[in-house]
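Me: I have a model open and want to go through how it is put together. Can you take my questions as they come?

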Amino acid sequence: MKKISLRTRVLTGAVAAAALGAGTFGAMSANASTPAAAPAATVKADTANRNLQQSTHLTVDAASKAAQAALDAAEKENQRVAVSVVDRNGNTILTLRGDGAGPQAYESAEKKAYTAVSWNAPTSELAKRLAQAPNLKDIPGTLFLAGGAPVQVKGAPVAGIGVAGAPSGDLDEKFAAAGVAALAK
């Protein structure tokens, strides 16, 4: 039988511990309605490991606050809109459809939010880029119309807010910016 080196044994143990920890975390986060028991073993990540990266995510409470602020800003101007907040990966955290918002507003808000976070720029700026690169509009899930704004932490995108339904994209984007501003308070 071949003798396994100490390094191989340590790496194998670390991988097994990480898998166990990920499975435990996944099981706990999959069932948020019941309190989770304390995990049997605590796994500490090696922060000096250059193979690991930390990322910042918007909480559901923060997404709700931003979406409600955008919807409130629209309602103050008698606009009927939908507001969507997506995470860094473009996954929808939540979408609010205001009273009387058109049927297209829901999907358009999600696509504007996705587009804003994907390029870390307001969608009004991205729409201007279509003149030089018309193929951008062909990317699935995107919408190059004003109304999307990225949420940034230290210049990096962590979420996107999209608003759709007002008579102009400039208004949509104004309301999305109100949602971003609410997160700074």
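Reply: What follows goes through the sheet, the cores and one helix.

Reply: This is a predicted model, in which local features need pLDDT of at least 70 and side-chain atom pairs count only at pLDDT 80 or more, while totals for chains, interfaces and linings use all residues. Residues are numbered from 1 along each chain as its sequence is written, and side-chain values use heavy atoms, with hydrogens and water left out.

Me: What order do the strands of the sheet take?

Reply: The order is β2-β1-β4-β3, in an open sheet of four strands with antiparallel pairing. Strands (E, at least two residues) and helices (H or I, at least four) are DSSP runs numbered from the N terminus, and two strands pair if DSSP finds at least two bridges between them. β2 (92-97) and β3 are the edge strands, each pairing on one side only.

Me: How many bridges join β3 to β4?

Reply: Six, and the two strands run antiparallel. Val 151 stands opposite Ala 159 in β4.

Me: Which strands does α2 lie across?

Reply: α2 lies across β1, β2 and β4, at about 30° to β2. Axes here are lines fitted to C-alpha atoms, for helices over the stretch in contact, and angles run from 0 to 180 degrees between N-to-C directions. α5 packs on the sheet too, touching β3 and β4, and its direction makes about 140° with that of β4. Contact means heavy atoms within 4.5 Å.

Me: How many residues has the largest nonpolar core?

Reply: It has 22 residues, and Leu 58, Val 81 and Phe 175 are among those with the most contacts inside it. A nonpolar core is a set of buried Ala, Val, Leu, Ile, Met, Phe, Trp, Tyr and Cys residues joined through side-chain atoms within 4.5 Å. Buried means under 20% relative accessible area, exposed over 50%, partly exposed in between (1.4 Å probe, protein chains only).

Me: Which element gives the largest share of this core?

Reply: α2, with eight residues.

Me: Changing topic: is Thr 115 buried or exposed?

Reply: Thr 115 is buried, with a relative accessible area of 0%. This residue lies in helix α3 (residues 105-119).

Me: What does Thr 115 touch?

Reply: Not counting residues up to four places away in sequence, Thr 115 touches Thr 123, Leu 126, Gly 141, Thr 142, Leu 143 and Phe 144. A polar atom of its side chain lies 2.7 Å from the backbone oxygen of Lys 111.

Me: And what do the buried residues of α3 pack against?

Reply: They pack against β1, α4 (123-128), β3, β4 and α5.

Notes
A polar contact is a pair of N or O atoms within 3.5 Å; within protein, one must be able to donate a hydrogen and the other to accept it, and residues adjacent in sequence count only if both atoms are side-chain atoms.
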